[in-house]
Amino acid sequence: MSLYEWLLFLHVTGAFFLIGGVVIAGLLNFTAIAVDRRPSEVATLFGLVRFAVPLIGIGMVFTIVFGLWLVHEAPWNYGYGQTWVIIALVLWALAGWLGSVDGRYQRTTGELAARLAAAGDAPSAELNARLRNVRALAISYGSGLAAFAVLGIMIWKPGA
């Protein structure tokens, strides 16, 4: 295999990790907020999100490193000035930033759920309010949508 083919393989592998992690985290988050749950159940679901975070992190690193390397190695196919490359980079950065903001919020919410579970596992209005915070949900799902938008741009390369 050529260097280009290896880079493309690693870039696409990163995309699978990223999107897989986003889907896992999104489904666990949705499961936690879909119905009123005891704090112990919420803590368990949010604890499982920890397994998706490394996938997202590896996916973010692989997609940017190997994606930029691909652009560098194949100037006959891609260029840093192409609109689809610029849009993909902006959306990649947006997805990462929103994901970082959401991750801190989710971690705090999971810690609250764990404390409430240890203190009797009684339903909590504060926990329910954090789980259904519209701004936090917009940030969370906005991050995932931005990641999916990058995937779409990578596949269709509009304007290329």
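# Spaces and links in a helical chain

Helix α4 supplies the largest share of the lining of the largest cavity, namely 4 residues. That is a good place to start looking around this predicted model, where local features require pLDDT of at least 70 and side-chain atom pairs pLDDT 80 or more, while totals for chains, interfaces and linings use all residues. Residues are numbered from 1 along each chain as its sequence is written, and side-chain values rest on heavy atoms, with hydrogens and water left out.

## The chain as a whole

The protein chain has 6 helices and 0 strands (DSSP runs numbered from the N terminus, with at least four residues of H or I for a helix and at least two of E for a strand). Following the sequence from helix to helix, you meet the pattern α-α-α-α-α-α. The C-alpha trace spans about 65 × 30 × 20 Å along its principal axes. Of the 160 residues in the chain, 38% are buried (under 20% relative accessible area; exposed is over 50% and partly exposed lies in between, with a 1.4 Å probe and protein chains only).

## The cavity

How many cavities of 30 Å³ or more does the structure hold? There is 1, and the largest cavity has a volume of about 70 Å³. On a 1 Å grid over the protein atoms alone, a cavity is a set of points where a 1.4 Å probe fits but cannot get out, a pocket is an open set with protein on both sides within 12 Å along at least five of seven lines, and lining residues have an atom within 4 Å of a point. Volume is the space filled by probe spheres set on points joined across faces, edges and corners.

Among the residues that line the largest cavity are N29, F46, D102, Y105, R130 and S140. Helices α1, α4, α5 (125-131) and α6 each give two or more residues to this lining. Sorted by class, the cavity lining has 6 nonpolar, 4 polar and 2 charged residues (Ala, Val, Leu, Ile, Met, Phe, Trp, Tyr, Cys and Pro are nonpolar, Asp, Glu, Lys and Arg charged, and the others, with Gly, polar).

## Two pockets

Now for the open spaces. The largest pocket contains about 880 Å³ of space. Its lining has 34 residues, and A25, V49, V53, D102 and G103 are the closest to the centre. At least two lining residues come from each of α1 (3-34), α2 (39-49), α3, α4 (83-118) and α6 (134-156). Helix α4 brings the largest share here, with 12 residues. The lining of the largest pocket has 16 nonpolar, 13 polar and 5 charged residues. D102 appears both near the centre of the largest pocket and in the lining of the largest cavity.

The second largest pocket holds about 480 Å³. Its 24 lining residues include H11, T63, G67, W84 and M154, which lie nearest the centre. Helices α1, α3, α4 and α6 each provide at least two residues of this lining. Its make-up is 20 nonpolar, 3 polar and 1 charged residues.

## Salt bridges

The count of salt bridges comes to 3 (a side-chain nitrogen of Lys or Arg within 4 Å of a carboxyl oxygen of Asp or Glu). R132 pairs with D36 in one of them, with 3.1 Å between the closest N and O atoms. This pair links distant parts of the chain, 96 residues apart: R132 sits in the loop between α5 and α6, and D36 in the loop between α1 and α2.

R38 also forms a salt bridge with D121, where the closest N and O atoms are 2.9 Å apart. R38 belongs to the loop between α1 and α2 and D121 to the loop between α4 and α5, so this pair ties together parts that are 83 residues apart in sequence. In addition, the side chains of R38 and E41 meet in a salt bridge, at 4.0 Å from N to O. R38, E41 and D121 are thus joined in a network of salt bridges.

How buried or exposed are these partners? The table gives the details.

| Residue | Relative accessible area | State |
|---|---|---|
| D36 | 59% | exposed |
| R38 | 45% | partly exposed |
| E41 | 30% | partly exposed |
| D121 | 16% | buried |
| R132 | 30% | partly exposed |

## One more pair

Finally, take a look at L27, which is found in helix α1. L27 counts as exposed because its relative accessibility is 53%. L27 and V49 stand 22 residues apart in sequence, with 9.3 Å from C-alpha to C-alpha. V49 is also one of the residues closest to the centre of the largest pocket.
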